[in-house]
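Biologist: Hello! I am new to this structure, so could you take one helix and its surroundings and walk me through that part closely?

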Amino acid sequence: MTGPTEVDVVYVHAPFCSRRCVYCDFAVQVRREGDAAEWVRSLAGELAILEQEHVFTLAPALRTLYVGGGTPSLLGPTAMARLADVVGRDRLTSPELEWTAEANPESLTPDVADAWAAEGVNRLSIGVQSFDDGALRWMGRLHGSAGAATAVGVARAAGITNLSVDLIFGLPRSSGRSWADDLQRALALDVPHISLYGLTVEAGTALGRAVREGREQPVDDRQYREEFLHASEVLTGAGYDQYEVSNFARPGARSRHNGAYWTGEPYLGIGNGAHSFAPPIRRWNVRSWDDYAAACAEGRSPEAEREVLDAEAEALEGIWLGLRTDGGVSVPRQGSPGDRVTTRWVEKGWATRRDDRVVLTSAGWLLLDELAVELDTAVSA
C-alpha cells in the first residue's frame, strides 16, 4: 500500500467577491465582505479530512503557496495570518517560499498590504483587467482607471515588489477600449510580471446570456488574434519573456507556482472548486461555497469528482503542457511522423527549434489545442 503524496505546491481558494463580473464563471460567492473566520474554519476542516484519507500530506516546508479567488483581499488584513495558522507556520519559513495572493485594486488597502507582507506574502497578483473606465464598467469591475497605479503603490509601500497585473483582451469593440493604450499603461507600472487572459463567453455568465439574447456580440476571432499577437510583440519588445502562452515576466520573475502545474508535479488545492493532482489521479471539490463549507463542518469530504489519467491521456497532457511553455517538447526522431508534423509547424511559422526542443511561437500558441492533438496523434501512430 502506497503512502500519501507529499506536496509542497499548494493552492487555496478564497471565493468571496463583492460583485460577479459579466464574464465570470469561477467558483465565487457574492458578498459585500469576506468572512475570514468561516473561510479558515472550512479550510482547516478539509485539511483534517485529507489527513484521514491518507491521500495527501503537506511537506515540512512549502515551496509555493498561492491564494486565489474570488477576491482574497476582500478577506481583510488578518486573512493570511489565519491561513498560516491553519497550514502550519513552520511550513512557511523557507527563504525560498513563493507566497502569492491575489488582490483587486479597490480592496488592496494599506492595512491589508502591510499585514500580509508582515505575515510573509511576498508576491501579489493584482486584477487590473483594463485602464479604461468604460471597459471596467462594462465588465462590472469596482475600481476605476486609476485603481491599478494606486494598488501597485500600496503594495510597494508595504515592501512587496514582486508584482503581477492581469489584463484581459478581446473585449467587444463597443466598449471603446484601446488595447494598445492599455498595454502602454501596464508597462508604465513597471511591474515584473504581466498575465493576459482572452475574453471567453461562458454559457452560464451574464455575458453568455447577453450573447444568446443578441444584446452582445460574440468574441471576434480576428480581433482576439490581433490583440494577442500585438501584446506579445509589445511586451517582449519591452524586455519581458513570454514564458507561457498567457504569461510574461522579466528575468527572475516567473511564477514558480504556475510553473509547477505546467511540469506535471503533484499539487494540492483546497477550498471550493479547487483542483488537486496526485499522478495519475486528478480530483476537484464542489463548486458551491455553501456546499463546501457544510461538508467540511460535518467532516465529509468536499470532493466532487475525480479522474484517473490512463497512459494515452498522460501522453497527450504532457505534450499539451510542454507546448504551452517556452520549454516546448523534445524534437521527435528524425524522419518520424512527429518530425514531419513539427517541420511543417516551423515552415508555417507556428514553431521554432531550439537545440533539441520544439517551441511554439505566438502564432502557434493561438493554435495550442489543435497542435497538441496533432503531435500526439503523430507520435502515437
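Modeller: Gladly; I will start at one helix, move on to its neighbours, and end with a few buried residues and the cysteines.

First, a word on the model: it is predicted, so local features need a pLDDT of at least 70 and side-chain atom pairs count only at pLDDT 80 or more, while totals for chains, interfaces and linings use all residues. Numbering starts from 1 along each chain as its sequence is written, and side-chain values use heavy atoms, with hydrogens and water left out.

Our helix is α3, residues 110–119, whose buried residues are Val-112, Ala-113 and Trp-116. Buried means under 20% relative accessible area, exposed over 50%, and partly exposed in between, with a 1.4 Å probe and protein chains only. Helices (H or I, at least four residues) and strands (E, at least two) are DSSP runs numbered from the N terminus. Looking down the axis of α3, the buried residues fall within an arc of 95°, so they line one face of the helix; the arc is taken from the directions from the helix axis to the C-beta atoms. Asp-111 and Ala-118, on the other side of α3, are exposed. After the helix comes Gly-120, with a positive phi near 125°.

What do the buried residues of α3 pack against? They pack against α2 (79–87), β7 (98–103), β8 (123–129) and α5 (147–157), where contact means heavy atoms within 4.5 Å.

Two of those neighbours belong together: β7 and β8 run parallel and are joined by 4 bridges. Two strands pair if DSSP finds at least two bridges between them. Within this pairing, Thr-100 has Arg-123 of β8 as its bridge partner.

Strand β8 deserves a pause, because 7 of its 7 residues are buried, so it is largely enclosed by the rest of the structure. In a regular strand the side chains alternate between the two faces of the sheet. In β8 both faces are covered: Arg-123, Ser-125, Gly-127 and Gln-129 are buried on one side, and Leu-124, Ile-126 and Val-128 are buried on the other.

From β8 we can step to Asp-166, which sits in strand β9 (residues 163–169). Not counting residues up to four places away in sequence, Asp-166 touches Ser-125, Ile-126, Gly-127, Val-128, Gln-129, Ser-195 and Tyr-197. Asp-166 is buried yet has no salt bridge, and the nearest side chain of opposite charge is Arg-141, 7.1 Å away. A salt bridge is a side-chain nitrogen of Lys or Arg within 4 Å of a carboxyl oxygen of Asp or Glu; Lys and Arg count as positive and Asp and Glu as negative, while His and the chain ends are not counted.

Elsewhere, Asp-376 in helix α14 (residues 368–379) is also buried without a salt bridge, with Arg-282, the nearest side chain of opposite charge, 14 Å away. Leaving aside neighbours within four places in sequence, Asp-376 is in contact with Ala-315, Leu-316 and Ile-319.

Finally, the cysteines: how many disulfides does a search of the whole structure find? The search finds 0, a disulfide being a pair of cysteine sulfur atoms within 2.5 Å. The closest cysteine sulfur to that of Cys-24 is in Cys-17, 6.2 Å away, too far for a bond. Cys-296 is in no disulfide either, and its nearest cysteine sulfur, that of Cys-17, is 19 Å away. Cys-24 counts as buried at 10% relative accessibility, and Cys-296 is buried with a relative accessible area of 7%.
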